Amino acid sequence: MAAIAPERPGRAPESAARVILAGGHEGGAAAGAVHPGRPLAEAVRAALAASAEPVCVVPMTLGRDPGLIADCARALRWLSREEEPGRLVLAPPFATVDHLTAWLRTAALKAVREAPDTSAVLVTAPAAGPFEDADLFRVARLVRQYGHHRWVEVAFDGGDPDLAEGAERCRRLGAGHVSLVRAAFAPPTELPAWVLDTGPLLSDAAIAQVVRTRSQEALHRLAHGQDGVAQGLDAEHGHGYAHSHGPGGDHHHADPDAHDTDAHHTHAHAHGEGHRHAHGQGHGHPHGHSPH
């Protein structure tokens with residue numbers, strides 16, 4: 001494709017782009033994603049060298065991996081030092097927790113449609129950190145609260161409780177059928193023989209559709225001089241352990257340039273109810289629509 005001439009420094013017209021998917025603990029590799037460290041940097045450099053089109057990075061998170069978004073932003077900020085403005089853009093994340101909740105509700109409804117009174121839904125994902133894992137319990141509660149399912153339990157692939165323990169809990173609660181619903185891109189590594197795996201949360205076509213939507217949104221923003229990196233760097237804000245700023249309210253943030261492409265900011269922070277930053281995740285009743 002012909003080279004794209006920016007309208008002015010920092011701006012580029014909406015057009016096609018080289019799209020690179022970055023994945024984390026939710027199993028983005030199953031959707032064709034690369035790790036956000038050196039593999040992402042190498043993929044971006046290769047795409048920049050292969051074409052004059054902008055390179056768009058889509059964080060393949062289902063809403064429980066803000067660290068992935070921040071890691072992608074740090075990598076692009078570092079790489080942008082070597083490039084002209086308008087060549088790199090960070091797309092909005094693949095999904096938010098609200099999207100995930102809505103998709104899980106749809107999957108759970110299908111899983112127990114034939115025997116809703118005797119079937120349990122086991123929501124699973126690869127184990128991550130304590131806050132990411134806690135998020136999955138909250139999501140499962142919302143799936144149960146706003147669905148028609150007697151039992152919605154949580155289990156982690158390689159975590160606590162593991163899949164066998166989660167399935168056994170469903171059985172002891174009285175479920176005659178247990179259906180596994182994935183809250184991740186990756187399939188489970190091991191599954192009890194008597195548990196039904198309902199398959200991927202989203203079809204390949206649905207994933208491709210969402211990626212196209214996110215990348216087009218990113219290119220639209222890039223055309224208006226917004227590369228998404230600043231927003232991405234703030235993705236972990238409010239996630240993780242909270243801490244006080246003290247009576248004077250003084251708070252020092254480390255120099256963002258201290259992070260390299262392999263850095264992972266794990267100690268995020270919150271400022272209490274009166275000082276929250278929004279991250280594109282709504283609250284209250286989930287209302288997303290499945291792209292199936």
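Among contacts in the chain between residues at least 6 apart in sequence, what percentage join residues at least 24 apart? In this predicted model, the value is 77%. The legends below begin with the whole chain and proceed to individual elements and residues.

**Figure 1. Overall organisation of the predicted chain.** The chain contains seven helices and seven strands. Followed along the sequence, these elements give the pattern β-α-β-α-β-α-β-α-β-α-β-β-α-α. The chain has 292 residues, of which 47% count as buried.

**Figure 2. The open sheet of four strands.** The strand order is β5-β4-β6-β7, and the pairing is parallel. The edges are occupied by β5 and β7 (195-197); each has a single partner strand, so one side of each lacks a neighbour in the sheet. From one strand to the next, the twist averages 30 degrees. Seven bridges join strand β4 (residues 119-126) to β5 in the parallel sense. V121 stands opposite V152, a residue of β5.

**Figure 3. Helices α3 and α4 packed on the sheet.** Helix α3 (residues 97-111) touches β4 and β6 (177-182). The direction of α3 makes about 155 degrees with that of β6. Helix α4 touches β4 and β5, and its direction makes about 155 degrees with that of β5. Strand β4 is thus touched by α3 and also by α4.

**Figure 4. The crossing of α3 and α4.** The two axes come within 9 Å and cross at roughly 50 degrees. The helices α3 and α4 are therefore oblique to each other, and their crossing is right-handed. On the α3 side, the residues that meet α4 are V97, L100, T101, L104, R105 and A108. Their counterparts in α4 are R138, V139, L142 and V143.

**Figure 5. Surroundings of H149.** H149 is located in the loop between α4 and β5. With a relative accessible area of 8%, H149 is buried, because the cut-off for that class is under 20%. Leaving aside residues up to four places away in sequence, H149 touches R105, A108, L109, V112, V143 and R144. Among these, R105 and A108 in α3 and V143 in α4 also take part in the meeting of the two helices.

**Figure 6. Surroundings of S119 in strand β4.** S119 counts as buried, at 4% relative accessibility. The C-alpha atoms of S119 and A175 are separated by 5.3 Å, although the two residues are 56 residues apart along the chain. When residues up to four places away in sequence are not counted, S119 touches V112, W151 and H177. V112 also touches H149.

**Figure 7. Packing of helices α1 and α2.** Helix α1 (residues 38-50) packs against helix α2 (residues 66-80) at an angle of about 45 degrees, with the axes 10 Å apart. The two helices are therefore oblique to each other, and the crossing of α1 and α2 is right-handed. From α1, the contact is made by L40, A41, V44 and R45. From α2, the contributing residues are C72, A75, L76, W78 and L79.

**Figure 8. The aromatic pair F94–W103 and its cluster.** Three aromatic pairs are found in a search of the whole structure. In the pair of F94 and W103, the ring centres are 6.0 Å apart and the planes are at 55 degrees, so the pair is tilted. F94 counts as buried at 0% relative accessibility. W103 is likewise buried, with a relative accessible area of 4%. Ring pairs link F94, W103 and F185 into a cluster.

**Figure 9. The aromatic pair F137–F156.** The rings of F137 and F156 form a tilted pair, at 5.8 Å centre to centre and with 55 degrees between the planes. F137 belongs to helix α4 (residues 130-145) and F156 to strand β5 (residues 151-157), so the pair ties together parts that are 19 residues apart in sequence. F137 is partly exposed, with a relative accessible area of 41%, whereas F156 is buried, with a value of 0%.

Definitions and conventions. Residues are numbered from 1 along each chain as its sequence is written. This is a predicted model: local features need pLDDT of at least 70, side-chain atom pairs count only at pLDDT 80 or more; totals for chains, interfaces and linings use all residues. Side-chain values use heavy atoms; hydrogens and water are left out. Rings of Phe, Tyr and Trp (its six-membered ring) pair if their centres lie within 6.5 Å; planes under 30 degrees apart count as stacked, over 60 as edge-to-face and the rest as tilted. Buried means under 20% relative accessible area, exposed over 50%, partly exposed in between (1.4 Å probe, protein chains only). Two strands pair if DSSP finds at least two bridges between them. Axes are lines fitted to C-alpha atoms, for helices over the stretch in contact, and angles run from 0 to 180 degrees between N-to-C directions. Contact means heavy atoms within 4.5 Å. Angles under 35 degrees count as roughly parallel, over 145 as roughly antiparallel, 65 to 115 as roughly perpendicular and the rest as oblique. A crossing is left-handed if the near helix is turned anticlockwise from the far one by less than a right angle, and right-handed if clockwise.
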